[in-house]
Each structure stands twice: as structure tokens, then as C-alpha cells.
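Hi,

Here is the structure I said I would pass on. Have a look at it first, and then read my notes underneath.

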Amino acid sequence: MQIEKTAELNLLWGTLILEELSRLGVQHICMAPGSRSTPLTLAAAKQSKLKQHLHFDERGLGFMALGLAKASQAPVAVVTTSGTAVANLYPAVIEAWLTHVPLIVLSGDRPPELIDCGANQAIIQPAIFAQYAKQINLPTPDLAIRPEALLTLLDEAISNQSQPVHINCMYREPLYPSTMSANFTQYLSTLGNWQHTNHAFNQYGKPNLSSLPSSDAMARFVHGKGVIIAGTLTPDCDPQALVALSQKLGWPLLTDAQSQLRQHPGVIGNIDQLLHQPKAKALLMQAERVLVIGGRLLSKRLIDYLAQNKWKSYWQVLPRQMRLDPSHSAKQIWHASVTAIASLSWPRSSDANWALQLTQQNDEMERLFEQQIDNAEFGEAMVVRAIAKSQTKQQQLFIGNSLPVRLYDMFAPITTEQGATFTNRGASGIDGLLASACGVAMHQGRATTLIIGDISQLHDLNSLAIASRCSSPLVIVILNNDGGNIFNLLPVPDEKLRSDYYRLAHGFEFGYGAAMFGIPYNRVEELESFEESYQDAIHYEGASVIEVIVSQEQASDQIARIASWIKQS
């Protein structure tokens, strides 16, 4: 093949790849600038089916794609150039792998003859993500390789994939076609009707990995005192069906912060703090049977409760085969959706309503929070509760790691409405949280709030550039307690070690950072100012920053006080 046609064939392969990805359900493509990925970039530029998102920082780009994939429940493509650009996606790929989010990494790469020979920007990219992504290593584009071979490779790799796929694309120079004079009609002729349809070349059916208990098994299982625990669930999987199941069985439903049900009035949402209370814990320890829906629980107290109780029967329901139980308890695992398990003909428990007192205790806990948080000194838990109270079904809440998500899990209010809740709790890192929230907000343009700590925001400062391009409400609430003050809750040997090596007080505020990216900013130190600023921000068509200034010990001292009161009640 003549060398001047290399760039055109590179572009043709890029075009085929992106066209097939769009047919496989991809709606968004996230790109960072780079030369070696030019065939993919040029193909994207002429694509009308994929919504394009660009960012200069690959780490933020990967997390934005993660947020888009979570919100759309569809695979998202990420394009980077060669070298360390690919490595910058690693944190987002790890998070996606652990939480079963389908990212498709398309990395431009040098051809084989330029690897390990001192060529510029050339690293060994195949298998760079190790076990955290399925590997597809494409050869350099070649007319000897039929286009249908490329398409069927993509179809098998992407269809029904719920975790990241890394497609490494080796391209020889030249990368930029000066003309489009090459005639590929003969080369494409074997594709037949594919060029005139919107279907993938190979269409795979959905795998039917499903197992459900029999009527006899359910009758035996519900005989006795039991609890239902809702773990991490996505907004689209009908978690509300578990409330009806709880009422049908007569067993209490204990909810994790990530279950989409934490604030529901018909559940036991305050379980983390109830497990502090001797009476409530003693009641819960009477349970003989447990039905866990999902996994990845946030509360250590709830995790310990599951591990310590001597269950006569332990069932777990998961959407696919995986191991989500750090206590390694003996159990029966069923593979089913929430809807499928909840819609079975469950009989009523022989010990229905055995834990009615728990509902009263849950309500009493809410009254305690109103007194000790809502009507006490201004602080982080007060802000988290104020935001949670104001959410509507049309809104989205992204809760950052470290202290914010724990405050929500411990103290979220009981409300009649709750929007979709998102977290990054696979690897539970504090990197990329703003970028992920931007992706969640950008998918459908729904009003979104991010609650994030100051250290987390410093980690992801570059992603304010992504936020500045949001055209829908995105409220970035930064809880600035001047350092990693979650370490106030941990048994660090002494205060000097805690201050010098863990908290890392920085003295920074975020007003100038917001100004640099042209984002409206408010600094607040009391509730009235916060609520006024928040209402303005949630109705503003774009991103805005509200920085909440609190002392280093406010949250930890308040948590300790409330825990002490609960233990004595």
C-alpha cells in the first residue's frame, strides 16, 4: 500500500470503530488532545451520533466519562493519545472495574517498531490496566485485515460488557490525511447491508444469568425473625420495590447511604447510629435471617452487625456473579434484579412486625438529629442535612468520599422525596469526584449537587474547567475544614502525629480558583447564608461554588457528642 494512503486508512479504521461503538449503545465520547490519537479524533469530529466532551487533563477526563456512564447506564468511550496520557486514566478505570461501569478506553499508540527503542512518547501500553480492563490490542490498520474482522472483534468485546475495555490502537504515520482520494469501496464491499443499517455487525443476545428461590425455599426462609438490608443500588433498578417487599414480609428494611432509599420514611435509614444504641442493637441481634440486596455497604457498624450475628439463614441478591462480602459469611447467593426478587410471591413471615419498635427508635433518632444538628452550631452535618432535605425527585446528589458520605450515612434526614444519589465507592478514592459529578450532571442536564471535602477538591481542581462548561445547574458545595479531618475520628496515637502527618492543614480557600474558571462563588459561615446561596445556585443555569467554612474539630466533636448521647439513651 502506498504510504500516502496510510493516514486515510487510519482514519477509515477510526471511523469504523466509532460507528460500531455508537451501534453498541455508546452515547458519549470523551477526548483529550493528542497527535497519536488523531485518527480517532478526526473520526469523532465527523460523527453525529456521539455527544462529544473534551478536556485537557486525562485524569479528569476519565472520571467525567465515569459519571456519564453512571448517569446514562450505557458505555462511554474515552480517547487519549499515547504515553502517560493513558496512565492518567488508571484511577477512573479502577473505580469503573470495581463498580461495574462500562468505560471503553481507546488509546492511540506507536506502531510495534517504535516501542522500546527510545522513540518519543512511547511506552508499553498493552495490559497497562492489568486486570482492571479487558484487553483488545489492535494491529496497525492494514488492507489485508478485513473490516468485518475489526467489527466482530469490537462486537464481542463490548456487547454485554459491564466493566472497562481497553482498545489499544497502533497507528503509523502519517496521521493527518492531506486529501481523501483513496477509494475504499472494494475494501468495504464485504460489509454488505451494514453500511445501510443502524445495527451492530454481530448482534449478541442478553445473557440470562438468573437464579431465583422456589416457593418452598421462600416459605422456609421467612419462617422467623428477619431483616432486609439494601446495599448499593443504582437509581434505575427500582429500589422502591424493596419497601413493598419489606411491608409484605413484615421485616424491617435497613438502608445504606447508596441504596437510593436512605431518606425514605418507610425504612430504617438511621441504622448506622441505631447500632450505637444498646436497646436497638439488642433488638436487631434477635434477627435470625437476613436478606441482603446488593453489596458494598458504607457503615462499618452495619458491616460488623452482618459479620457478628449468628444467622440461621443468610441470602444475598446480586445482579451478576461476584464476591461482595468482606466477612466471608456462608450464604445463599441469588442472581436477580431488584424487580425480579421483589415481585416473587413471598409469603408473610411467621414473625411479621417483630421489630416494630425499631421504627419508633428510627423516628426518635431523627428528632435527636433535629435537636442536636439542625438547631445547634453551624457545621458540616447541618449543611449535609439541609441539602438532603431540599432534594426533589428531579434532582441528583453526588456525595464525595471521606467525611461527606459518612455524614450523609449517619445523619441524613427522613424526607418524602429523594433524588438520585451517586457516589464513587468502589476504590473510595478522593480523586476525580468533581469530574464524576460533572459527568452525572451533563448526561441529561438535571440539576445536580456535589458535596465534597476541601482535600478532595484540591485533588480535582483542574475539573473546574469541566464544570465551567455545564449549562445546567451544578452546585459544588465544598466543606472546608482545612485538611483531612476525617482523621479526627481515627485512633491516631497523638495529636502532633495527627496534625503533622494526617490532617495536612493547607490554609487555602477556593474563591480565586472559582474566579479563574469563571464560576460564580459564595463563601458562607452560617445556615441562613448557605440556604440563600444554595437556592440561588440550584436554579442557576451553570456551575457555581459554595464554600462552607468550618473549624477543624466541628464535625468530629459533634459526631462524638451525638454518639455519646445515643449510647447512654
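Let me start with Lys389, which is partly exposed because its relative accessible area is 42%; here buried means under 20%, exposed means over 50% and partly exposed is in between, with a 1.4 Å probe and protein chains only. Lys389 sits in helix H15. Helices (H or I, at least four residues) and strands (E, at least two) are DSSP runs, numbered from the N terminus. The C-alpha atom of Lys389 is separated by 9.1 Å from that of Thr416, 27 residues apart along the chain.

Before you go further, two notes on the source. This is a predicted model, in which local features need pLDDT of at least 70 and side-chain atom pairs count only at pLDDT 80 or more, while totals for chains, interfaces and linings use all residues. Residues are numbered from 1 along each chain as its sequence is written, and side-chain values use heavy atoms, with hydrogens and water left out.

Now the salt bridges. Side chains of opposite charge can pair when their charged atoms come close. I call it a salt bridge when a side-chain nitrogen of Lys or Arg is within 4 Å of a carboxyl oxygen of Asp or Glu, and the count by that rule is 17 salt bridges.

Which residues share a network of salt bridges with Lys389? They are Glu366, Asp374 and Arg385. Within that group, Glu366 and Arg385 pair up with their closest N and O atoms 3.1 Å apart. That pair links distant parts of the chain, with Glu366 in helix H14 (residues 356-374) and Arg385 in helix H15 (residues 380-390), 19 residues apart. Glu366 is buried, at a relative accessible area of 7%, and Arg385 is buried too, at 1%.

Glu377 and Arg561 make another salt bridge, with 2.9 Å between the closest N and O atoms. Glu377 lies in the loop between H14 and H15 and Arg561 in helix H23 (residues 554-568), so this pair ties together parts that are 184 residues apart in sequence. Glu377 is partly exposed at 33% relative accessibility, and Arg561 is partly exposed at 44%.

The side chains of Glu173 and Arg36 also meet in a salt bridge, at 3.0 Å from N to O. These two are 137 residues apart: Glu173 is in the loop between strand S6 (165-170) and helix H7 (185-188), and Arg36 is in the loop between strand S1 (28-31) and helix H2 (38-45). Is each end buried or exposed? Glu173 counts as exposed because its relative accessibility is 51%, whereas Arg36 counts as buried because its value is 2%.

On to the surface patches. A patch is made of residues with over 30% relative accessible area and no salt bridge, where like charges are joined within 9 Å and nonpolar side chains (Val, Leu, Ile, Met, Phe, Trp, Tyr) within 5 Å. Accessible areas come from the Shrake-Rupley method with a 1.4 Å probe, and for residues only the protein chains shown count as cover. For charges, Lys and Arg count as positive and Asp and Glu as negative, with His and the chain ends not counted; the place of a charge is NZ of Lys, CZ of Arg, CG of Asp or CD of Glu.

Glu526, Glu528, Glu531, Glu532 and Asp536 form a negative patch. Glu532 is in helix H22 (residues 527-538) and is exposed, at 53%. Glu526 is in the loop between strand S16 (521-524) and H22, and is partly exposed at 33%. From Glu526 to Ile549 the C-alpha distance is 8.7 Å, with their positions 23 residues apart in sequence.

There is a nonpolar patch as well: Leu497, Tyr501 and Tyr502, with about 320 Å² of accessible area together. Tyr502 belongs to helix H20 (residues 495-503) and is partly exposed at 36%.

Finally, two covered helices. Helix H1 (residues 6-23) has 18 residues and should span 26 Å at 1.5 Å a residue (the expected span is 1.5 Å times one less than the number of residues); its end C-alpha atoms are 26 Å apart, which agrees. In H1, 17 of the 18 residues are buried, and just after H1 comes Gly25 with a positive phi of about 105°.

Helix H17 (residues 433-444) is largely enclosed by the rest of the structure, because 11 of its 12 residues are buried. Among them are Cys438, Met442 and His443. Gly445 follows H17, with a positive phi near 70°.

Cheers
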